[in-house]
Amino acid sequence: MPEKIISMKNICKDFSGVQVLKNVDFNIYDGKIMALLGENGAGKSTLMKILTGVYTKTSGEIYLNGKEVNFRSTKDSQDSGIAIIHQELNLIRHLSIGENIFLGREPVTRTGRIKWKQLYEESKVWLEKLGLDEDPRELVGNISVGKQQLVEIAKALSLNAKVIIMDEPTGALTVSETERLFSVIRELKAQGHSIVYISHRLKEIFEICDDVTVLRDGELIGEKSIDELDEDKIIEMMVGRKLNEQYPRIVSQPGDVLLEVKDLTNRYVQNVSFKLRQGEILGVAGLMGAGRTELARTIYGIYKKDSGEIVLENRSLRIHHPTDALKNGIAYVSEDRKANGIHLGLSVRENITMASLGSYCGKIGNISKSEEEKSANHYIKSMHIKVSGTRQLLKHLSGGNQQKVSLAKNLDAKPKVLILDEPTRGVDVGAKKEIYELINQFKQQGMSIIMISSEIPEILGMSDRIMVMHEGRVTGIIDRETATQEKIMSLAVGKDVCQNAENII
Amino acid sequence: MCAKMQKISFDANSVKRVVKQQRPLVVLIILSVVMSVLNNRFWTVDNILTVLRQSSINGVIAAGMTFAILIGGIDLSVGSVLAICGAIAATLISSGMHVVPVILITLLLGLMVGLVNGLLISKGRLQPFIATLGTMSLLRGFTLVYTNGKPISSRGGVWSEAFSQIGTGYFLKLPVPVYIMLFVFLVAYYVLRHLRIGRYIYALGSNEEATMYSAIKTDRVKIFVYCASGILAALAGIILTSRLGSAQPTAGAGYEMDAIAAVVLGGTSMAGGIGTISGTAIGVLIIGILNNALNLLQVPSYYQDVAKGAVILIAVLLDRKQKSR
């Protein structure tokens, strides 16, 4: 066994009396990649926040190279060679790559003037080490998310980080960007860095990690070498139960055409046409920037359409605002929960009734709190939303439960067409399956569903038909029976350029 | 013995909790206690009524300001709205118009200004600070032009006497403005807690984008809020003009700051989404008592501003420190 560079022992943490970590042990081995797994709310990020000095532990010890340390601030942790790269990158878009790498520790002359030449030259050296061919003077906002990730890593390395923690690093990356990140990670490992890799994507864990630590409900479930494990075993450790069928598909006979989109065009999408039947799930696949979210938001009335038609039940709709869409029975569950899907500062009850508040109101607009309460409790029960009560604030819920509240809100508006944009993003394995089951329920009830997803297995597992988009256009609509991962991928990268797909992404 | 100890510690804990949750109230109580020790005239009925009456104008304005701050905005124009509305009211009443249409016209004028603010902010996409800074200056200028820089008397009309009752009258031994303030607070409470628009106000302040995605016309919520603030500022103008018997061209200058201070002292977040009208009511009383105290203690007027500023900063600082924990 290699040396433990970091060893956390018996870590406990509670927030105002609620224990979120109970006697957790966590080790990081020298020159190895440790996966940290667990459902949302299992305590992964709390543990990492303790390691990086954001939170102080309630009890327990942290050893760095066998010596006990006590991190009082992020600076302490950084000085000890620990760096973290968050899921939401901490870069400033309006500054250059070089400025970002040296933010807060720019090389300066004695009078305080920044030595720009030195800053950019040193930046270039770090970028080259990671094989990133970008001018360090380029603004961070102008480069892709994948490259931004590498800039974060460059920053960590320039800080002399020995241990790098990566939280869901591939969440927003394309396939080839992910491959590139992996080769960088392997390179870092070869140079002797230790890495903590947090991800919900189990395939990635098997691809690059050496060991796995699993947490559940704030407790350590186990630390194992990757060789001893397979996917089912990991899932079992994470959720404490066996998941037999990942995608619980329901075969049903779709009804008549409910929604028809004809030649929809605006600055994001071009001539998009498709039909959606009653009780059907239409999967929408594509790479980042394919225009899927933009298509959904155009239908929902957030973006203006320049031309084209949206026909629901043989009636052409005029949609200028989400109110028009919802009034006609089109609901949209956003991909970016925190930004526009839910109100973190409001309660579960207030969130659930937000889009349908009118139906709880009397003549003068007075809300019937008891009706609201009844409805909120109904959804909490039927959707298994884990809350302490209807008055709990959304910011205190896990990602999966927040997503369920977001779904409940849209359901309560009684839609005919439900557009789900990345319905399982940032949701743990157990909640994922519950969400799939809910989607199937909606389908059985005759709702028509458009499901946008970047996870091809999810698309294949859930959809009745699959529409693939590339650069704002529809490149193909295929039936479930004939769809394969390869077929979707080749459509997603654009038909004409199929052969050299790898270079394009 | 042991049980008794537990009981005491439990009580201490619950006191602690109340202190934590009701910090504005605690500040108010401490201030009152300190004042009653420093000056034996403080706790007299007369003085308490004076405090309430003097707070009423700030109370009415602060209720509207609470709405604006709850949606993450601000309304700097309230002082100027008060001035122009007061001047119009004085002109109309001294010309002999009946008091009811005078009040309605004045409130309508406040509503119109609020509508302009709301449209500039929602449809014109201006920052609330900038938009209301503009209307603040604009209306102050209008008022000076309209009054020619001189006070306009509200006396001499058939209904002047009735009009003056709004600001100076008593009903059941309480000054009329106090009733107006209480009425405004009750309505504002009902709007925020029980009406749909109130829920939308919190939603908008908590996350504007998510509110729009929930199929809510955020523009309408904004317009409603600034209209409400405008009407309430006009109402404050009526009270002040009635009380003084004339409309001063510089009336209400700086009132927006007292209102903002009251709202913030009451625990409302300047970022929006968090706050209550009861907090604002307490904030208004804190400012009222502070003004009263500084007068009773005969602090020279230049020093009064210094003291007021210091107390506001300390109170808000304590509140923030509590919340960040």
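A:Ser334 touches A:Arg297, A:Asn340, A:Gly341 and A:Asp421, leaving aside residues up to four places away in sequence. This serine belongs to a predicted model, in which chain A and chain B bury about 2100 Å² between them. The rule finds 26 salt bridges over all chains, and 2 of them cross the interface of chain A and chain B.

**Around A:Ser334**

- A:Ser334 sits in the loop between β16 and α11 of chain A.
- A:Ser334 counts as buried because its relative accessibility is 2%, and the cut-off for buried is under 20%.
- Its side chain makes a polar contact of 2.4 Å with the side chain of A:Asn340.
- A polar atom of the A:Ser334 side chain also lies 3.0 Å from the backbone nitrogen of A:Asp336.

**The interface of chain A and chain B**

- Chain A gives 31 residues to the contact, and chain B gives 20 residues.
- Carbon and sulfur atoms carry 57% of the roughly stated total, about 2100 Å².
- On the chain A side, A:Asn340, A:His343 and A:Met354 lose the most area to chain B. Together these three residues account for 23% of what that side buries.
- A:Asn340 thus appears twice here: it is in polar contact with A:Ser334, and it is among the residues of chain A that lose the most area to chain B.
- Across the interface, 14 residue pairs are in polar contact, with both residues at pLDDT 80 or more.
- Four elements of chain A give two or more residues to the side that touches chain B: α10 (322-327), α11 (337-341), α12 (348-352) and α13 (369-382).
- The largest share of that side, 4 residues, comes from α11(A).
- By class, the side of chain A that touches chain B has 14 nonpolar, 10 polar and 7 charged residues.

**A:His343 at the contact**

- Where is A:His343 placed? It is in the loop between α11 and α12 of chain A.
- A:His343 is buried, because its relative accessible area is 0%.
- Within chain A, the partners that A:His343 touches include A:Asn351, A:Met354 and A:Leu394, not counting residues up to four places away in sequence.
- From chain B, A:His343 touches B:Ala203, B:Ser206, B:Asn207, B:Ala210, B:Thr211 and B:Ser214.
- A:Met354, a partner of A:His343, is also among the residues of chain A that lose the most area to chain B.

**Salt bridges across and beside the interface**

- B:Arg199 forms a salt bridge with A:Glu350. The closest N and O atoms of this pair are 3.6 Å apart.
- A:Arg425 and A:Glu335 meet in a salt bridge of 3.3 Å, N to O.
- That pair links distant parts of the chain, 90 residues apart. A:Arg425 lies in the loop between β17 (417-421) and α15 (429-444) of chain A, while A:Glu335 lies in the loop between β16 (330-333) and α11 of chain A.
- A:Arg425 has 30% relative accessibility and so counts as partly exposed. A:Glu335, at 22%, also counts as partly exposed.
- A:Arg425 forms a salt bridge with A:Glu422 as well, the closest N and O atoms being 3.6 Å apart.
- A:Glu422 counts as buried because its relative accessibility is 7%.

**A salt bridge between helices of chain B**

- The side chains of B:Asp258 and B:Lys308 meet in a salt bridge, 3.4 Å from N to O.
- B:Asp258 lies in helix α12 (residues 255-265) of chain B and B:Lys308 in helix α14 (residues 301-324) of chain B, so the pair ties together parts that are 50 residues apart in sequence.
- Is each partner buried or partly exposed? B:Asp258 is partly exposed, at a relative accessible area of 22%, whereas B:Lys308 is buried, at 14%.
- Elsewhere, salt bridges that share partners join A:Arg349, A:Glu350, A:Glu372, A:Glu373 and B:Arg199 into one network.

**Chain B as a whole**

- Chain B has 14 helices and 4 strands.
- Its C-alpha trace spans about 75 × 55 × 35 Å along its principal axes.
- Chain B has a radius of gyration of 21 Å, which agrees with the value near 20 Å for a compact globule of 325 residues.
- Buried residues make up 51% of the 325 residues in chain B.
- Of the contacts in chain B with a separation of 6 or more, 78% are between residues 24 or more positions apart.

How values were computed. Residues numbered from 1 in each chain as written. Chains lettered and ligands numbered in written order. Predicted model: local features only at pLDDT ≥ 70, side-chain atom pairs only at ≥ 80, totals over all residues. Heavy atoms only, no water. Contact = heavy atoms within 4.5 Å. Buried area = accessible area lost by both parts, 1.4 Å probe. Salt bridge = Lys/Arg side-chain N within 4 Å of Asp/Glu carboxyl O. Polar contact = N/O pair within 3.5 Å; in protein donor to acceptor, adjacent residues only side chain to side chain. Nonpolar A, V, L, I, M, F, W, Y, C, P; charged D, E, K, R; others polar. Buried < 20%, exposed > 50% of the residue type's maximum accessible area, 1.4 Å probe, protein only. Rg over C-alpha atoms; globule rule 2.2 N^0.38 Å.
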